[in-house]
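Hello,

Here is the structure I promised to pass on to you. Have a look at it first, and then read on for what turned up in it.

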Amino acid sequence: MPVPKSEFENLPPCDFYTPAELLEDDQMYTVYEIARLLQGLEPDADIDRETEDILLDWAIPWVMTNAEDLVVAEPRDEDEPGYYGLSE
């Protein structure tokens, strides 16, 4: 059910990082690493699987929304994810 806004003390704007704010120019990242970065965590932060699944729910649309600013690299091995980085 919807909740009245008045029930919340603080309502900051829904603002997400741009790719340039989030990613280093010379690095490529997996979607898992991007998910962590979007939450202010280190790319290699140890998080449980359930939390990682929730973070991916945010990261995948972010990648899709910012696709024009990103490049993609195919996985180097079949058991490895793809990589994303800033387009030049």
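**Two helices that cross**

Helices H2 and H3 are roughly perpendicular to each other. Please keep in mind that this is a predicted model, here and in everything below. H2 covers residues 31-38 and H3 covers residues 49-65. Two packed helices are described by the angle between their axes and the distance between the axes. For this pair the angle is about 95° and the axes are 8 Å apart. An angle from 65 to 115 degrees counts as roughly perpendicular, and therefore the pair gets that description.

If you would like to find the contact on screen, start on the H2 side with Val-31, Tyr-32, Ile-34, Ala-35, Arg-36 and Leu-38. Facing them from H3 are Glu-52, Leu-55, Leu-56, Trp-58, Ala-59, Ile-60, Trp-62 and Val-63. Sorted by class, the contact has 12 nonpolar residues, two charged ones and no polar ones.

**Salt bridges**

How many salt bridges does the structure hold? There are four. A network of salt bridges links Arg-36, Arg-49, Glu-52 and Asp-53, and two of these residues, Arg-36 and Glu-52, also take part in the contact between H2 and H3.

Arg-49 is a good place to begin. Its side chain meets that of Glu-52 in a salt bridge, at 3.3 Å from N to O. Both residues sit in helix H3, three residues apart, which is about one turn of the helix. Arg-49 also forms a salt bridge with Asp-53, where the closest N and O atoms are again given as 3.3 Å apart. Asp-53 lies in H3 as well, four residues from Arg-49, and that too is about one turn.

Are these residues buried or exposed? Arg-49 counts as exposed, because its relative accessibility is 54%. Glu-52 has 12% and so counts as buried. Asp-53, at 35%, counts as partly exposed.

Further along the chain, the side chains of Arg-76 and Glu-80 meet in a salt bridge of 2.7 Å, N to O. Arg-76 is exposed, with a relative accessible area of 64%, whereas Glu-80 counts as buried at 17%.

**An aromatic pair**

A search of the whole structure finds one aromatic pair. Phe-16 and Trp-58 form it, with 5.6 Å from centre to centre and 45° between the planes, and the pair is tilted. It links distant parts of the chain: Phe-16 is in the segment before helix H1 (19-22), while Trp-58 is in helix H3, 42 residues apart. Phe-16 is partly exposed, with a relative accessible area of 43%. Trp-58 counts as partly exposed too, at 46%. You have met Trp-58 already, among the H3 residues in contact with H2.

**Around Tyr-84**

Finally, take a look at Tyr-84 in strand E2, which spans residues 83-86. Tyr-84 counts as partly exposed, at 22% relative accessibility. Which residues is Tyr-84 in contact with, leaving aside its neighbours within four places in sequence? They are Gln-27, Met-28, Tyr-29, Val-31, Ile-34, Val-63, Val-71 and Val-72. Among them, Val-31, Ile-34 and Val-63 also belong to the contact between H2 and H3. Val-63 is 21 residues from Tyr-84 along the chain, and their C-alpha atoms are separated by 8.4 Å.

Enjoy exploring it!

Best wishes

Definitions and conventions
Residues numbered from 1 in each chain as written. Predicted model: local features only at pLDDT ≥ 70, side-chain atom pairs only at ≥ 80, totals over all residues. Heavy atoms only, no water. Axes fitted to C-alpha atoms, helices over the stretch in contact; angles between N-to-C directions. Helix = DSSP H or I, 4+ residues; strand = E, 2+ residues; numbered from the N terminus. Parallel < 35°, antiparallel > 145°, perpendicular 65-115°, else oblique. Contact = heavy atoms within 4.5 Å. Nonpolar A, V, L, I, M, F, W, Y, C, P; charged D, E, K, R; others polar. Buried < 20%, exposed > 50% of the residue type's maximum accessible area, 1.4 Å probe, protein only. Phe/Tyr/Trp six-rings, centres within 6.5 Å; stacked < 30°, edge-to-face > 60°.
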